[in-house]
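Student: Could you take a close look at the cysteines for me, and then walk outward from there to the rest of the chain? I'd like one connected story rather than a list.

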Amino acid sequence: MLKNENIELRALEPSDVDLLYQWENNDEVWHLSNTVTPFSRFVLEQYVMNSTQDIFTTKQLRLMIDKSDESKRKTTFGSIDLFDFDPANKRAGIGILIIKEERRKGFASIALNLLVGYCFNILQLHQVYCNITTDNVASLNLFKKHNFEIIGIKKDWLRIKGKWVDEYILQLVSEKG
C-alpha cells in the first residue's frame, strides 16, 4: 500500500534523526511548518521514539520517502506528513518535503498518490487538505495534478523574509463519500 516500484513510504527509524535534524533546522523551510526555532537532537530523538504511537493518539504521522537504486540500496530523500488528523470529521492535512536534488523527478507525485490512497482506503478519511503559499508554483501544480482544488486564500498569512505572503488552502474530497 505504501510503496511501488520506485519509492517506499516508511515509518521513522532511529537512524533518521540526523536527517530530521538537518531538515527541521533549515530556516529556509520553517515557514512551511510554522516553526521559528531550531530543534535539538534530543527533541528529535524523542519524537522518533514516540512515532511508534498510533495516529489516533498523536493526531499526526510522518513517513520517510525512500528510493532504491539498482543494487537495492535505499536512500531517504524526503518525508510526507499527515497533521491535524481529525478522526471524528475524517480529515487530515498533508505536507511534503523533498530535498532539492530530487525535485522535479516525479517522486513527490508518487509519494502523494500513495499517501492519498492510504488516507482514503486505510484510514477511511473523507477529505485531505494542504496549505501552499501562492508563490510556490511547483507545489501548487503537484497538488492540482492530484485533483486538489483551491478552496480559499488566506491573505497576508505568512511573513517570510520580511514580506507578507498569501496562502492557498487546497482540498481533496473522497469520491467514496
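Tutor: Let's start with the disulfides: the count here comes to 0. Keep in mind that this is a predicted model. Cys119 is in no disulfide, and the nearest cysteine sulfur to its own belongs to Cys130, 12 Å away. Look at it from the other end and you get the matching picture: the closest cysteine sulfur to that of Cys130 is in Cys119, and at 12 Å that is too far for a bond. The cut-off for calling a disulfide is a pair of cysteine sulfur atoms within 2.5 Å, so a 12 Å gap rules this pair out.

So are these two cysteines buried or exposed? Cys119 has a relative accessibility of 0%, so it counts as buried. Cys130 is buried too, with a relative accessible area of 1%. For context, buried residues make up 40% of the 177 residues in the protein chain.

Now step back to the whole chain. Its secondary structure comes to 5 helices and 7 strands. Reading from the N terminus, the elements run β-α-α-α-β-β-β-α-β-α-β-β. The C-alpha atoms fill a box of roughly 45 × 45 × 35 Å along the principal axes. The radius of gyration is 16 Å, and because a compact globule with 177 residues would be near 16 Å, the two agree.

With that frame in mind, go to strand S3, which covers residues 74–86. Two aspartates there are worth a click. Asp84 lies in this strand and has a positive phi of about 50°, although it is not a glycine. That is something to notice because most residues other than glycine have a negative phi. Asp86 is also in strand S3. Is Asp86 buried or exposed? Its relative accessible area is 19%, and since the cut-off for buried is under 20%, Asp86 counts as buried. A polar atom of the Asp86 side chain lies 3.2 Å from the backbone nitrogen of Ala88.

There is another positive phi to visit, at Asn147. Its phi is about 70°, and this residue is not a glycine either. Asn147 sits in the loop between helix H5 (137–145) and strand S6 (149–160). With 55% relative accessibility, Asn147 counts as exposed.

Another loop to look at runs between strand S4 (91–98) and helix H4 (107–121), and Lys105 lies in it. Lys105 counts as partly exposed, at 48% relative accessibility. Its side chain makes a polar contact of 3.2 Å with the side chain of Glu102.

Finish on the surface, with some greasy side chains. Phe39, Phe42 and Val43 form a nonpolar patch there, and together they have about 270 Å² of accessible area. Phe39 is found in the loop between helix H1 (17–24) and helix H2 (41–50). On its own, Phe39 is partly exposed, with a relative accessible area of 30%.

So, back to where you started: Cys119 is in no disulfide, and the Cys130 sulfur is too far from the Cys119 sulfur for a bond.

Notes. Residues numbered from 1 in each chain as written. Predicted model: local features only at pLDDT ≥ 70, side-chain atom pairs only at ≥ 80, totals over all residues. Heavy atoms only, no water. Patch = residues over 30% accessible without salt bridge, like charges linked within 9 Å, V, L, I, M, F, W, Y side chains within 5 Å. Areas by Shrake-Rupley, 256 points an atom, 1.4 Å probe, with all protein chains shown as cover. Salt bridge = Lys/Arg side-chain N within 4 Å of Asp/Glu carboxyl O. Helix = DSSP H or I, 4+ residues; strand = E, 2+ residues; numbered from the N terminus. Buried < 20%, exposed > 50% of the residue type's maximum accessible area, 1.4 Å probe, protein only. Polar contact = N/O pair within 3.5 Å; in protein donor to acceptor, adjacent residues only side chain to side chain. Rg over C-alpha atoms; globule rule 2.2 N^0.38 Å.
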